[in-house]
Amino acid sequence: MLSKLRRLLNSGFRHLSSASTVSRVASSSPRERPRLLFAFHGGNKTRPGMGQQFYREEAAFRQTIQRCSATVERCMGFSLSDVFEGRDSRPANSPEETERRNIVILSALELALCDLWQAYGVEPEAAVGISGGEIASVLKLLWDAGTVTTSMLIATSALLLLRHPRIKAEAQRNLRVLPTFIDEALRFEAPDQLASRVTREDVELSGVVIPAGANVKLCLGAANRDPEHFTEPESLSLQRNPNPHLASSAGPHYCLGAFLARMEARVALETLLTVWPNFTAARPLSTVSYVESIQFRALKYLFVKAA
Ligand code: HEM
């Protein structure tokens, strides 16, 4: 399975959404849009969304939102500034109104990102030949792809260390094994389980013909445990060399931040292992649970004690 997926990722398929979050938002269904909105402007109590953070820290971004806010309030009866400041706004009266609001919020976010970019002295079209909307889209993709995935990896890696005391002891004795451990953690608990593609032509896979134009989800997590490629795929091992897993995908859309993510995880785990060498689980590991998602392998919580 692993080599078939690698072949599919390298050729014969076109990326479904590529680097365009704008097109993802534009083509998103009314059901999916609130989730996208949540990631981009909403965040949660511990981690503000991109829009909220820019609103707080970037005057150009804040001014655009505030400039639009009065008009939006007059026409639609809710405050954009409240949304970006994380305050509760007047609740919407119907699902249709929520949907209209979501579209307005995303458009304002888009506009404010373009203004922010220009405030840094870059005229998007003139400078790099791509539009402000595309730049805003890339910023949003980086925000989305570059933050949650890495925090998932760090949390699951900490859990794996707690579940495998011998590996933890070895990493503590010799921090240089951490890169090998992180690659194995990526194989074992791939934070992003699926890659999306559209078939350009009919493709045969294990006797099944997938017609041209089909939306296909490729399960990277399953490929990473393919017994034809990995000895004892269900065990966590520091002896895998090479470790040709697909957690960062493959081909032209190979994860842009693959090396950055590994470096961030290494620094986080090095700190954990050296500053709190005796860290233990604060709750029984049997109670650990995962976010309900077929896309992401993410812990809901991991409570640890420093000693
Ligand atoms: C552990 C952390 C990470 C994991 C598991 C991960 C995984 C992935 C996967 C599976 C893809 C899909 C590729 C495809 O469709 O074939 C991807 C794409 C991407 N990732 Fe990551 N990623 C991580 C961290 C990051 C970071 C830190 C950044 C940026 C700073 C980043 C930026 C991107 C971008 C821009 C793409 C789209 C590439 C394209 O479509 O050409 N990722 N990543």
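Here are legends for three close-up views of this predicted model. Residue numbers start from 1 along each chain, following the sequence as written. Because the model is predicted, local features need a pLDDT of at least 70 and side-chain atom pairs count only at pLDDT 80 or more, while totals for chains, interfaces and linings use all residues.

**View 1. How confident is the predictor, and where?**
pLDDT is the predictor's confidence in each residue, from 0 to 100. The chain averages 82, and 79% of its residues score at least 70. Confidence bottoms out in strand S1 (residues 13-15), with a mean of 34, and peaks in helix H11 (residues 178-188), at 98. Over residues 11-23 the pLDDT is below 50, and this stretch has 31 contacts in the model beyond near neighbours in sequence. (Two residues are in contact if their C-beta atoms, placed from the backbone, lie within 7 Å.) Where pLDDT is low, don't read the predicted coordinates in detail. Helices (H or I, at least four residues) and strands (E, at least two) are DSSP runs, numbered from the N terminus.

**View 2. Ser69 and its surroundings.**
Ser69 sits in helix H5 (residues 59-76). Ser69 counts as partly exposed because 18 other C-beta atoms lie within 10 Å; 20 or more would make a residue buried, and 12 or fewer exposed, with C-beta atoms placed from the backbone. Skip its neighbours within four places in sequence, and Ser69 is in contact with Ser79, Leu80 and Ser81.

**View 3. Around the ligand.**
Of the 24 residues around the ligand, Gly146, Thr149, Ser249, Cys255 and Gly257 come nearest. (Near means a C-beta atom, placed from the backbone, within 6 Å.) Helix H9 (132-163) and helix H13 (258-275) each supply at least two residues of this shell, and H9 gives the most, with seven.
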